Amino acid sequence: MPEPVGHYFDAEPQGPSRATTIRLDLPDRSLTLTTDRGVFSASRVDAGTKYLLLEAPAPPTTGTFVDLGCGYGPIACTLALRSPAAKVWAVDVNARALDLCRANAAANKATNVHTALAGEVPPEITVDLLWSNPPIRIGKPALHVMLRTWLARLTPTGSAVVVVQKHLGADSLHRWLETEGFGAARLGSRTGYRLLQVTRG
Ligand SMILES: C[S@@+](CC[C@H](N)C(=O)[O-])C[C@H]1O[C@@H](n2cnc3c(N)ncnc32)[C@H](O)[C@@H]1O
């Protein structure tokens, strides 16, 4: 019988679980992460995610951080280990991804990761740092709602670092951020990706 077709951003992936282990090797640390079917980039750390983790400026030592669309947690776990005194919210809509992120944080001793469904994070929190490989494939309207909601939570001195594939509309997203009144600057461009830094403007 054919298996159900799903998306990595489904709330409850339909396909059967098939957990696997992958490595995330960075200059400052190496992590072992469990992934599974039904989550984004399950077979290897996504090239855009790796680019962000290699090139984003070092995070502050403390503060409230968000990994928006955490998946199985490569960004949240790295952020938490680089800034152990910070509180890192790992946010997603995919329950399987959140379970994996929670388990990966525990396995890598990233005790300051707090996983949550996107709607569960208290709306009054303010965010000092947001890192995201955002879910472009949910479509522009939903993506814009998500980004408006979270970027509006940045503190006046806070910032976001977002990685987007060029062929998935990185430059039009950059322009949209500016028309929305956010500060947006290109931090880097490599191997098909743009790295954008966003501020409240
Ligand atoms: C491109 S993937 C990146 C996953 C992970 N950060 C990584 O680098 O491997 C984007 C993630 O955003 C999640 N997502 C989709 N819609 C969302 C929303 N409205 N709020 C938060 N996360 C969302 C998807 O489920 C997916 O896990």
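**Note on the predicted model: hairpin, sheet and helix packing**

1. In the hairpin formed by S8 and S9, 2 residues lie between the strands, and Thr191 adopts a positive phi near 40 degrees. The model is a predicted one, and the remarks below should be read accordingly.

2. The two strands of this hairpin, S8 and S9 (residues 193–199), are paired in the antiparallel sense over 7 bridges. Two of the pairings may be named. Arg190 has Tyr193 in S9 as its bridge partner, while Ala185 stands opposite Gln197 in S9.

3. The hairpin belongs to an open sheet of 7 strands, ordered S5-S4-S3-S6-S7-S9-S8, with mixed pairing. Strand S5 (113–117) and strand S8 (183–190) are the edge strands, each pairing on one side only. On average, neighbouring strands of the sheet are turned by 20 degrees against each other, direction ignored.

4. Helix H1 packs on this sheet, where it touches strand S6 (127–132), strand S7 (154–165), S8 and S9. The direction of H1 makes about 140 degrees with that of S7. Both strands of the hairpin, S8 and S9, are thus among the elements that H1 touches.

5. A further contact of H1 is with another helix. H1 (residues 47–55) and H2 (residues 74–82) pack at an angle of about 15 degrees, and their axes are 10 Å apart. Because angles under 35 degrees count as roughly parallel, H1 is roughly parallel to H2. The crossing in which H1 passes H2 is right-handed.

6. Which residues form the contact between H1 and H2? From H1, Thr49, Leu52 and Leu53 take part, and they meet Pro74, Ile75 and Thr78 in H2. Sorted by class, this contact has 4 nonpolar and 2 polar residues, with no charged residues.

7. As to the overall composition, the secondary structure of the protein chain comes to 5 helices and 9 strands. From the N terminus on, these elements run β-β-α-β-α-β-α-β-β-α-β-α-β-β. The order of elements therefore ends in two strands, as the β-β at the end of the pattern shows.

8. The overall dimensions may be checked against a simple expectation. For 201 residues, a compact globule would have a radius of gyration near 17 Å; the protein chain has 16 Å, which agrees. Taken along the principal axes, the box filled by the C-alpha atoms of the protein chain is roughly 50 × 35 × 35 Å.

Key: Residues numbered from 1 in each chain as written. Predicted model: local features only at pLDDT ≥ 70, side-chain atom pairs only at ≥ 80, totals over all residues. Axes fitted to C-alpha atoms, helices over the stretch in contact; angles between N-to-C directions. Helix = DSSP H or I, 4+ residues; strand = E, 2+ residues; numbered from the N terminus. Parallel < 35°, antiparallel > 145°, perpendicular 65-115°, else oblique. Left-handed = near helix turned anticlockwise from the far one by under 90°. Contact = placed C-beta atoms within 7 Å. Nonpolar A, V, L, I, M, F, W, Y, C, P; charged D, E, K, R; others polar. Pairing = 2+ DSSP bridges. Rg over C-alpha atoms; globule rule 2.2 N^0.38 Å.
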